[in-house]
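Ready for some practice in reading a protein structure? Take a look at the sequence and the model, then try each exercise before you read its solution.

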Amino acid sequence: MELLFVLLVLVAVVYGIIKDYNPQAVLALAGMAIFAVAYWLGLHPILPADKSTGFALFDLFDLFEVFKGIFSYRAAGLGLTIMAVAGFATYMSHIGASQALVRVAVKPVAGIQSSYLMLSICYLVAVFVSLFVTSATGLGLLLMVTMYPVMRNLGISPASACGVIATSQAFEIGPTQTNAIFSAGQSGMDPTSYFVDYQIWLVAPMLLVTMVLHFFWQRHCDRKDGWDPALHRGDHAELDEQGTESVQAPTWYALLPIIPFVLMMTFSKLLVSDIKMSVEVAMLLSVFIGMLCELLRSRSVRTAFAGLSSFLDGMGKVFGPVVALIVCAELFAESLKAIGAIDTLLHSASNAGIGSGLMTLVMVALIMVAAVIMGSGNAAFLSFSTLAPAVAAKFGVPAVTMLLPMQLASSIGRTVSPIAAVLIACAGIAKVSPFTVVKRTSVPMAGALVTALTLNYLLFM
C-alpha cells in the first residue's frame, strides 16, 4: 500500500513540475505527505523519540522540525557556498569585469577567415570563459553582444551562431559552478578535487567531440537551409537593444573573474596543499580585491563600497531558486528513504539483474527528461540528485560515478530545452525560433552525452 501511495505522489510531483507549479512547494509538500504516511503506517518515526517535539497530533510539529533541520544544515553549508558564487558573479557583472573578460577572449579569434573553423574555435573560447562566468543566461547574453557579431561578419548563419553560444555552458565545468559544487558535496569531496580528479577527464574529450560535431552539423544544417557563408560575409548583426547593454570597464578588469579559480587551484593538493582555500573565502577575497580596483579606478570610496550591495543582492537572488530547492529536494529524498521506496527499488533492480551501469543510465535519463521539461539544469539536478548517494551505496560504487554523468546530463538537457532561458534569450536577440536553436544544439549535445557516459563507465565504474 505504501508503494502505491509513493507512486501516486510521484505522479503528482511530475504533474506539478510539468504544469510549472513552484517546484520547491511541490517537493516539500510531497516529502511531508510521504513522511506522514510512513509514520502512520509505523514504518519510520518522523524524528527519534529523544528529538521529538512532543506534539501528539500526528507528530505534526516533527514534520516541520525535520524541515528546519535540513534547512539549517544546508543553508549554513552548501547554501552559503552557492550564494557566495552567485554573489560574486553578480558583482563581476556589476563592475563590468565579466564583460571585459569576454571582450578579451573574443578578440584573438576575430582574424580567422574560415567560417566553420571560426565557429568551432569560438565554441572553445566560449567554454573557456564559462569557467569564470557561471551564469548560462548571463554568459549567453555577453557572447551575443561580443562573439555573435564576429561570427555573423564572417558569414555564419544566425542559427549556427546561436547553436554554438547556447552550448557554451552545456557542461558546467569548474569548482565554482552550482551543480558541480553540489555534486562534489554529495560525493564527499571538495569542488577542486571533483573538478581535477573526475570532471576534467570526461569534459576534455567531450569538448573535442562537441567542437567537431558543431563544425559538421552546423555546416550540414546551413546547406540544407540553403545558407552559403561566402554570400553573407560582411553581414552585420542586428541585435536587440536589451542584449547590447553592458558596463564599460578597463581591459585589465578581465583578470578579476579569474581570481577565485586561480586561488582555489593554487591552494589545493595540486600546488600548495598545506593551505586550504574554501569556495566562500575565495569569493569573498576576490570581491574585496574588486572593490579595491573600483576604488583605484573611480577614486570614490562611496562607489567602491556601493558595489558590495550587488554582491549581497546576488546572494539573495539565488537563495529561493537554488538553496531552497536543494532543501525541499532533500526533504523529498529523505521521505522516500523513510517509507522504504528506495530500498524496494534497489532490491527490485538487484533481482532483475540491473547493475550499477544500467542504473546510472536510468538516473541520467531521469535528469535529462526533467531538465528538458523544466528548462533548468539546476532545478532538475538539485531535485533528483539527492537520491544518487543511497543508490550508489547499494550498488557498492562511489557516489561520484553516478553523480558526475547526472550533473553533466542536467546542463546538457537544459541546452536542448526550447524553454531554457539561455536559448530563449539568444534566439530572441538573433530573431530565430528557440526550436531552431534546439535543432542546432541537439546533435552536438547527443555526442557529448554519449562520450560522457562511455568514458564514465570505462574510467570510473
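Here are three exercises with worked solutions.

This is a predicted model, in which local features need pLDDT of at least 70, side-chain atom pairs count only at pLDDT 80 or more, and totals for chains, interfaces and linings use all residues. Residues are numbered from 1 along each chain as its sequence is written, and side-chain values use heavy atoms, with hydrogens and water left out.

**Exercise 1. A surface patch**

Find the helix that gives the largest share of the nonpolar patch.

Step 1: List the members. Ile200, Trp201, Tyr457, Leu458, Leu459 and Met461 make up the patch, and together they have about 630 Å² of accessible area. Areas come from the Shrake-Rupley method with a 1.4 Å probe, and for residues only the protein chains shown count as cover. Patch residues have over 30% relative accessible area and no salt bridge (a side-chain nitrogen of Lys or Arg within 4 Å of a carboxyl oxygen of Asp or Glu), and nonpolar side chains (Val, Leu, Ile, Met, Phe, Trp, Tyr) are joined within 5 Å.

Step 2: Look at the helices (DSSP runs of H or I, at least four residues, numbered from the N terminus). H10 (191-224) and H21 (434-460) each supply at least two patch residues. Ile200, for instance, sits in H10.

Step 3: Pick the winner. H21 gives the largest share, with 3 residues.

**Exercise 2. Two ring pairs**

Decide how the rings of Phe71 and Phe319 are arranged, then do the same for Trp252 and Tyr253.

Step 1: Recall the rule. Rings of Phe, Tyr and Trp (its six-membered ring) pair if their centres lie within 6.5 Å; planes under 30 degrees apart are stacked, over 60 edge-to-face, and the rest tilted. The whole structure holds 10 aromatic pairs.

Step 2: Phe71 and Phe319 have ring centres 6.1 Å apart and planes at 20 degrees, so they are stacked. This pair joins distant parts of the chain, since Phe71 is in helix H3 (residues 60-76) and Phe319 in helix H14 (residues 308-338), 248 residues apart.

Step 3: Trp252 and Tyr253 have centres 4.7 Å apart and planes at 75 degrees, so this pair is edge-to-face.

**Exercise 3. Buried or partly exposed?**

Classify Trp252, Tyr253 and Ser385.

Step 1: Buried means under 20% relative accessible area, exposed over 50%, and partly exposed in between (1.4 Å probe, protein chains only).

Step 2: Trp252 is partly exposed because its value is 45%, while Tyr253, at 0%, is buried.

Step 3: Ser385 is also at 0%, so Ser385 is buried.

Definitions and conventions:
Patch = residues over 30% accessible without salt bridge, like charges linked within 9 Å, V, L, I, M, F, W, Y side chains within 5 Å.
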